[in-house]
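You asked for a quick read of this one before we talk. Have a look at it first, and then go through my notes.

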Amino acid sequence: MSLILFTLVVRVRDGLPLSASTDFQHNPELQERKQQLRTISKALSLFPDRGVVKGHDLNICFLSSEGVSYMSVCDARLPAAMAFCFLEDLRWEFTAHMDSAKVALAARPYPFLEFDNSIAWLQQQYPVLCCIGPPGQNQRLEPVTAPGILSLVLNIMCSSLNLIRGVHLIEYTFQDDYEGIWNVVAFLLAFLCCVGQCHLYLFHSSLKRVKSLTLLSVVVVCNCFLFGLRNVWQLLFHLAVAVLVTLLTLNRKLHDRTNDCGV
């Protein structure tokens, strides 16, 4: 099922419909939104050049330019940026193929029926319902900062040291009848936590705060358990790196995408 359910191109000065997509659905809310869309088209001169009228399941998006307004009824799950990208593409397509003089002189509704096929083709280029994932799936984080790069390098160093020490101890553990097995577990668990911290910093994740604090807690416990195999300065170094990457992860916000496609 397409996320763009209906599209209408109208003349701004009087709301005369110029072209529209073909609609075979009998969704009551869709019919209601189409009626609202036509009401809005009669008063476009009172509205800004672009806007969104939000509904329960369906939104109306419109974009006006050079005396023509491009309007669509979209599934509410479609990001506004993508809806306006569609309307921008529609505007370019209409401007390239339709004569502005004919638009100004049109006296009857839907004088550009041949453009309906272009609308249908454009709608097919945009995602269907299955392409829109759960909230946050396509969200981007702010760019990595210099302190972030430093924390990643230090964290990779810590994870490498944990892995090397853990693998090195495995040989002695087999020789000593598994007496040092928990030291091996602590080193390898600390290694996995360091890798997890790097992943949380680089990629958006749900429950980021809970995951970050959990990984930090495990790193602290593992390093406290390894006291004796590491001196105080080594422990402080590992703990400081873990705290640094956790703070940077918690403070790295989602990138503001409100300016995408001119929205």
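Here are my points, going from the overall layout to the individual side chains.

1. First, a caveat: what you have on screen is a predicted model. Please read the distances and angles below with that in mind.

2. The overall layout. The protein has 8 helices and 5 strands. Going from the N terminus, the order of elements is β-β-α-β-β-β-α-α-α-α-α-α-α. Of the 263 residues, 41% count as buried. If you take the contacts between residues at least 6 apart in sequence, 68% of them join residues at least 24 apart. The accessible surface adds up to about 14,900 Å², and carbon and sulfur atoms account for 64% of that.

3. The main core. How many residues does the largest nonpolar core have? The count is 26, and the residues with the most contacts inside this core are Val9, Leu18, Leu87, Leu90, Phe94 and Phe115. Strand 1 (4-11), strand 4 (58-65), strand 5 (68-75), helix 2 (80-97) and helix 4 (116-125) each put in at least two residues. Helix 2 gives the largest share, with 7 residues.

4. Leu90 is a good residue to click on here. Setting aside its neighbours within four places in sequence, Leu90 touches Thr7, Val9, Tyr70, Phe115, Ile119 and Leu122. Val9 and Phe115 come up again in that list, having already been named among the residues with the most contacts inside the core.

5. There is also a second, separate core, made of 15 residues. Leu8, Leu58, Ile60 and Phe62 are among them.

6. Now the aromatics. Across the whole structure there are 4 aromatic pairs. In one of them, Phe94 and Phe112 have ring centres 5.8 Å apart and planes at 90°, so this pair is edge-to-face. The two residues come from distant parts of the chain: Phe94 is in helix 2, while Phe112 is in the loop between helix 3 (100-105) and helix 4, 18 residues apart. Both Phe94 and Phe112 are buried.

7. Phe94 has another partner, Phe115, and this pair is edge-to-face too, at 5.1 Å centre to centre with 85° between the planes. Phe115 sits in the loop between helix 3 and helix 4, and 21 residues separate it from Phe94 in helix 2. Are these two rings buried or exposed? Phe94 has a relative accessibility of 3% and so counts as buried; Phe115 is at 1%, so it counts as buried as well. Together with Tyr70 and Phe112, Phe94 and Phe115 make up one aromatic cluster.

8. On to the charges. Side chains of opposite charge can pair when their charged atoms come close. The whole structure has 4 salt bridges. One of these joins Arg11 to Asp14, with the closest N and O atoms 2.7 Å apart. The two ends differ in cover: Arg11 counts as buried at 5% relative accessibility, whereas Asp14 is partly exposed, with a relative accessible area of 34%.

9. Which residue pairs with Glu88 across distant parts of the chain? That partner is Arg50 in strand 3 (residues 50-53), 38 residues away from Glu88 in helix 2. The closest N and O atoms of this salt bridge are 3.1 Å apart. Glu88 counts as buried at 16% relative accessibility, while Arg50 is partly exposed at 27%.

10. Glu88 also forms a salt bridge with Arg91, at 3.2 Å from N to O. Because Arg91 and Glu88 are 3 residues apart in helix 2, about one helical turn separates them. Both Arg91 and Glu88 are buried. Through shared partners, the salt bridges join Arg50, Glu88 and Arg91 into one network.

11. Last, two charge-over-ring arrangements. Arg91 turns up again here, with its charged end over the ring of Trp92, 5.0 Å from the ring centre. Further along the chain, Arg252 lies over the face of Tyr201, also with 5.0 Å to the ring centre.

Key: Residues numbered from 1 in each chain as written. Predicted model: local features only at pLDDT ≥ 70, side-chain atom pairs only at ≥ 80, totals over all residues. Heavy atoms only, no water. Core = buried A, V, L, I, M, F, W, Y, C linked by side-chain atoms within 4.5 Å. Buried < 20%, exposed > 50% of the residue type's maximum accessible area, 1.4 Å probe, protein only. Helix = DSSP H or I, 4+ residues; strand = E, 2+ residues; numbered from the N terminus. Contact = heavy atoms within 4.5 Å. Salt bridge = Lys/Arg side-chain N within 4 Å of Asp/Glu carboxyl O. Phe/Tyr/Trp six-rings, centres within 6.5 Å; stacked < 30°, edge-to-face > 60°. Lys NZ or Arg CZ within 6 Å of the ring centre and 35° of its normal. Areas by Shrake-Rupley, 256 points an atom, 1.4 Å probe, with all protein chains shown as cover.
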